[in-house]
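Q: I am new to this structure and would like a close look at one helix, together with whatever packs around it. Please take it slowly, and then tell me about the wider setting.

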Amino acid sequence: MTPIRIAPLLFIALLGVAVVAAQQAPAAPEPAPAGMILMAYPEDFGELERPPVDFDHARHTTALGADQCSKCHLVEEGVLTPSFAAAAGDLDPDARMDAYHDGCQGCHQERAEQGLSAGPLTCGECHRVKNAVLPDQAPMAYDYSLHARHVAVFKDRDEKDRCRGCHHVWDKELKQLVYVKGQEDACSDCHRERDEGKTLSLKNASHVQCLSCHLARTGEGKEAGPTACVGCHDPAKREAVKKLEEIPRLVRGQPDQMWIHRADGLSRLVPFDHAAHEPRTTFCTSCHHETVQPCRRCHTVAGVPEGGGVTLERAYHGASSRLSCVGCHEAEQEAIGCVGCHGGLAASENDSECSRCHAGPWLAPGVEPPTAVPNTAGIDPLPPISDDFPETVVIDVLSSTYQPSTMPHRKMAVKLDEAVRTSRLASVLHGDVETGCQGCHHRSQLGERPPRCRACHGEAAQARVDRPGLKVAYHRQCIGCHQRMGIKKQGCTDCHEKKEVAS
Amino acid sequence: MSTATAHGERSGIFTPFNLIAGVILVGGAIILTIRFTTGLASTTNLSNTNPWGLWIGFDVMAGVALAAGGFVISSAVFLFGMKEYRPIVRPALLTGFLGYSLVVLGLLADLGRPWRLPYPFIKQAGPTSPLFEVSLCVALYLTVLFIETTPAVFEWLGLKIWRRLVGQLTIALTIFGVILSTMHQSTLGAMYMVTPTKLHPLWYSSQIPVQFFISAVAAGISMIIVEGWISHRAFHDQVQTSNDQFRDINFGLAKGAAVVLGTYFAVKLVALSLENEWRLLATGWGAWYLIELMGFVVLPCLLFTVAYREQRLGLVRLAAAMTVAGVVLNRFNVTFIAFNWKVPHSMRYAPAWTEVWVTVSLITLAVVVFRWIAHRMPIMYEHPDYPALH
Amino acid sequence: MSMSRRGFVGSLAAGAGALSTATTEATTVEHFEGYPGRYGLLHDTTLCVGCRSCEVACAKVNALPEPEQPMGDLDVFEKLRRSTATAFTVVNRYQDGDGDEPPVYRKLQCMHCNEPCCATVCLVHAFTKTPEGPILYDPEVCIGCRYCIMACPYYALAYEYDNPIDPRVMRCTMCYPRIKEGLNPGCADACPAGAITFGRREDLIEVARDRIRKFPDRYINHVFGEYEFGGTSWLMLAGIPFRELDLEEGATHESLPAIGTSYLSVVPLIVTIYPGLLAGFYAFTKRKDKLAKAELEAALAEARAHGEEEAKAKLALAAERAKKDKEKAVETAVRKALAEQGEGGSS
């Protein structure tokens with residue numbers, strides 16, 4: 001066969017190659033099925049050479065028997081360490097990989113030799129989750145209700161044992177963990193991302209403490225927490241957990257009212273009502289996110305690595321994080337009663353005056369601050385109906401296609417005012433009743449009778465200053481607010497009837 | 001009109017060919033009448049998303065490419081001295097002339113206001129437009145082809161002085177023809193350089209002008225082979241070349257076509273490399289592109305080579321037909337198949353049957369005129385009274 | 001005047017320096033930013049509520065029929081529409097609202113590009129980019145080739161396919177007559193949500209950036225039309241990625257005319273180089289023919305000359321042989337005669 005005769009066959013072969021290549025287009029990634037443990041562990045292995053392994057734990061417990069946990073797990077004095085025992089501890093990636101391989105494949109091989117049902121032995125049969133999307137394991141989160149329920153469980157124990165399970169410190173002399181009252185910290189204060197010597201990682205510590213207790217109680221037939229991964233790590237399942245109606249205040253020596261201050265007097269003192277803020281959070285960690293220590297312990301004025309480079313000023317004022325004062329306050333503005341006005345304002349227009357929070361005295365260095373007292377100030381009531389505060393306003397300035405619109409001015413003001421009054425936060429930060437008017441009567445002097453909209457908004461838009469024309473100004477203010485507040489009146493004829501077209 | 005041959009035999013007016021051609025032509029005339037009285041919407045599937053359809057895709061784009069044989073053969077014979085192809089110069093030029101006339105007729109059918117066709121030259125020019133350059137070159141080239149066809153007419157009419165005059169223009173016209181052909185063949189491709197978002201990246205390239213020009217040369221040569229195949233049989237009593245001579249001509253053309261197709265393939269690969277588009281070949285469009293490239297460029301190239309080496313005329317003709325189909329397919333791809341490839345399915349274009357009928361009738365018209373001329377004028381043979389042109 | 005060598009060289013250098021500054025100024029490459037103060041429009045799709053008042057207003061201002069589907073008809077959004085020969089602008093819905101997120105609409109029309117490819121590709125120069133910004137179309141010269149419609153990357157042009165007498169290309173004109181009078185385009189005035197702002201293009205870019213700065217969560221950080229394909233007069237802001245609004249994301253900043261007509265610079269080269277080149281080929285062919293002919297004649301002449309010489313030699317040889325033969329014959333005859341005579345005399 002001369003080369004030239006092979007040519008047509010070559011062509012067909014090339015075409016075939018092309019068609020086959022087209023099939024190799026990467027498939028869409030699929031999430032790991034629920035209940036599987038996806039063994040990827042990027043924190044141990046870094047970038048994987050082979051696809052992760054999907055480990056069916058339930059299948060293994062069924063195959064081995066529910067009492068055979070010690071085959072893979074370390075079980076000491078009834079306490080089960082949930083991680084794979086052979087691969088635990090300070091191992092380098094290769095040694096860890098070998099531990100898994102020896103453990104898994106070794107057992108599979110044994111069972112296969114004994115003629116029992118066994119798992120795979122070849123690489124590709126285990127490492128098969130291509131394009132894996134690591135499941136969204138939400139970190140476990142505690143709240144006051146859960147804490148109270150756990151406290152109730154242990155309330156019959158001796159005082160030094162009651163809280164020791166979770167709140168402990170290492171006593172060097174006694175060489176054991178002891179409970180010290182008043183020094184209860186969050187778990188993450190000591191238990192970090194990785195095992196550090198004997199201090200387990202947060203993941204391992206939580207699993208050891210929580211799971212073994214839950215398992216034990218379940219074994220004894222008592223009411224217990226979840227024993228499966230999804231029970232704690234699935235946000236939906238967590239939502240379904242029972243919540244106590246009345247939750248007693250979690251006391252750890254915190255003050256009721258206090259000053260937020262620096263001893264060297266950088267700014268006016270900020271009165272902080274700790275007791276009033278507590279019910280607005282889910283747990284201490286809502287604000288004390290890394291540790292129960294005060295903010296300034298890690299967030300220094302200059303910014304240090306312990307604080308993630310976040311300066312003290314940013315820790316209090318950073319608007320983008322819910323952990324800061326200003327950030328949480330801004331997030332609260334998304335409540336239905338607030339978002340009508342606040343949702344439409346640009347970030348820069350939304351800045352409240354500093355003095356609303358910085359209401360305390362200047363403190364000279366070394367001088368003790370006065371006793372902090374709760375803020376009982378309220379805001380003045382709405383004024384009576386007058387020319388300055390009309391019952392209704394008829395907007396007839398542009399009426400051409402539509403009839404004039406009658407706006408229930410007082411009704412709207414009362415509703416918005418009520419939203420302010422019922423919110424402690426709003427009342428304090430507004431400070432006075434006129435601030436609430438600024439939502440619609442923007443960019444005008446506070447306390448004075450506001451100018452008419454058409455004083456600044458001409459009929460045509462002014463592009464250079466991005467000021468809409470009068471019609472658009474009305475629509476954006478009114479309809480925008482209605483949209484944000486979920487008020488149904490958003491259509492044209494909801495506010496103004498259509499004019500009869502002259503024939 | 002009877003089909004009188006040069007030898008005076010009359011075969012009657014109602015031959016099967018004439019009847020079929022007549023039906024096609026009459027149908028085409030009716031459709032065009034409707035088109036000119038009610039607008040393009042009634043006889044085409046053109047839309048605002050697809051303003052160019054079959055009439056541009058075939059009549060203009062493919063038509064110009066297939067008529068390229070004229071300048072290829074005339075330059076080969078007159079400029080490069082390949083005298084053995086002299087017998088096919090006149091058929092090639094006639095094919096070219098009728099091909100370009102078909103282009104202009106198709107264009108007249110497609111333009112919104114065809115009576116304004118000369119506007120770019122007489123009213124207001126838009127010289128920034130590739131289409132301006134194309135129209136200028138096509139107009140001039142059509143004139144060149146017309147003049148190059150007149151020697152046969154003058155011989156037929158016995159106008160010796162006129163014949164001598166146009167004969168002396170041959171070299172200049174051939175040079176001018178090559179210049180014009182290079183420009184407009186490539187610029188037809190360059191017209192698509194302004195649509196990078198609408199033409200699929202496998203067909204869109206900064207080298208599209210070069211690709212169009214080279215494929216036009218290949219199409220021209222193949223069209224000559226196909227036309228020669230038909231003419232040799234239809235005008236058998238006129239041709240003066242021996243069978244051997246005819247075979248040699250075909251094999252020579254096959255060799256040339258193989259080289260051109262091979263060059264074209266290389267240019268296409270270069271274009272793929274420049275834009276690093278290799279992974280696009282693994283998509284559905286990539287498969288279609290490979291079918292066009294492998295099945296209608298590489299395969300005919302190989303077939304031409306095999307046919308030349310083994311002296312198989314049938315294979316030459318098959319390869320030529322495939323090349324013609326391939327160039328037509330390429331022009332269709334660029335004009336409306338791979339063009340607008342991102343547009344949703346409901347807005348894509350497919351030709352209406354009326355568009356197909358008009359295109360077929362234009363082709364039929366060209367064939368009928370070719371027959372009429374070739375039966376009467378010295379196209380397939382050399383008139384004994386006149387010296388050979390150069 | 002005597003001059004030292006140093007002075008001569010020095011004055012040369014000074015002269016060269018003066019010349020070089022002059023030439024550097026002359027060779028700076030200029031970049032045309034567009035007519036200053038030209039107008040544009042800013043379309044903020046986060047504000048568009050899909051009421052289509054702009055469609056109604058556009059039809060009114062341009063004396064076109066009112067949109068078929070009235071304003072309240074939401075079914076019109078089921079399919080994506082494009083502008084047509086009787087509707088210069090349409091509003092499409094690109095994302096359904098799903099409770100939390102509001103639906104997203106966008107208005108389509110001619111983008112009045114800074115460097116319009118429709119104007120470049122028109123072979124009768126029927127389009128003009130005015131200094132005020134709008135692109136104008138002259139139906140008096142249009143031949144209906146529809147290259148402009150084919151080229152427009154925004155599918156903004158439409159054609160009157162059902163018109164056999166004077167079909168025109170139909171597109172948004174940015175209300176050029178109104179702009180000249182100091183009015184706003186019809187759509188800008190009509191929009192009740194303020195999604196269309198008319199003003200100087202450079203101002204609108206500042207306004208758009210300002211809005212992004214003030215509401216970073218609301219907008220994608222990009223003003224579409226600022227640079228895409230050389231920039232357009234219609235600028236867009238959006239809260240969802242622009243490709244979901246059927247707009248080309250990541251388009252080059254190079255204008256389409258620059259991309260599409262760069263090839264045309266080759267054309268003059270072909271016209272200037274090919275004649276010489278092809279005439280050269282012809283001359284080479286003729287020369288080859290002539291040489292071949294001369295060689296043939298030389299070979300023939302040689303063959304002829306060679307043959308003549310041979311023939312002469314043969315003739316000489318034959319003549320000599322004949323002479324010899326004759327002499328021999330004469331001798332034989334004489335001998336015979338003598339012999340006969342001798343015999344006859346003796347008896």
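A: Helix α7 of chain C, residues 201-214, has 14 residues that should span 20 Å at 1.5 Å a residue, and this agrees with its end C-alpha atoms, which are 20 Å apart. Here the expected span is 1.5 Å times one less than the number of residues, and helices (H or I, at least four residues) and strands (E, at least two) are DSSP runs numbered from the N terminus. Everything said here concerns a predicted model, in which local features need pLDDT of at least 70 and side-chain atom pairs count only at pLDDT 80 or more, while totals for chains, interfaces and linings use all residues. As for the names, residues are numbered from 1 along each chain as its sequence is written, and chains are lettered from A and ligands numbered from 1 in the order in which they are written.

Within α7(C), the buried residues are C:R201, C:L204, C:V207, C:A208 and C:R211. Because these residues cover an arc of only 110° around the axis, they sit on the same side of α7(C); the arc is that of the directions from the helix axis to the C-beta atoms. An α-helix has 3.6 residues a turn, so residues three or four places apart point the same way. A residue is called buried if 20 or more other C-beta atoms lie within 10 Å of its own, exposed if 12 or fewer, and partly exposed in between, with C-beta atoms placed from the backbone.

The cover over the buried residues of α7(C) includes β1, β8 and β9 of chain C, where two residues are in contact if their C-beta atoms, placed from the backbone, lie within 7 Å. Strand β1(C), residues 39-44, is itself mostly covered, since six of its six residues are buried. In a regular strand the side chains alternate between the two faces of the sheet. In β1(C), C:Y39, C:L41 and C:H43 point one way while C:G40, C:L42 and C:D44 point the other way, and all of them are buried.

β1(C) also pairs with the other two strands just named, pairing being taken as at least two bridges found by DSSP between two strands. With β8(C), residues 196-200, the sense is antiparallel and there are five bridges, and C:Y39 has C:R200 as its bridge partner there. With β9(C), residues 234-237, the sense is parallel and there are four bridges; in that strand C:M236 is the bridge partner of C:H43.

Turning to the wider setting, the contact between chain C and chain B takes 48 residues from chain C and 46 from chain B. On the side of chain C that touches chain B, at least two residues each come from α3 (117-121), α4 (147-151), β6 (158-159), α8 (256-261) and α9 (266-346). α9(C) gives the most to that side, with twelve residues. The residues on this side of chain C divide into 34 nonpolar, eight polar and six charged, where Ala, Val, Leu, Ile, Met, Phe, Trp, Tyr, Cys and Pro count as nonpolar, Asp, Glu, Lys and Arg as charged, and the others, Gly among them, as polar.

Chain B has backbone details of its own. B:Q311 has a positive phi of about 55° although it is not a glycine, and this residue lies in the loop between α11 (284-310) and α12 (313-337) of chain B. B:Q311 counts as partly exposed because it has 13 C-beta neighbours inside 10 Å.
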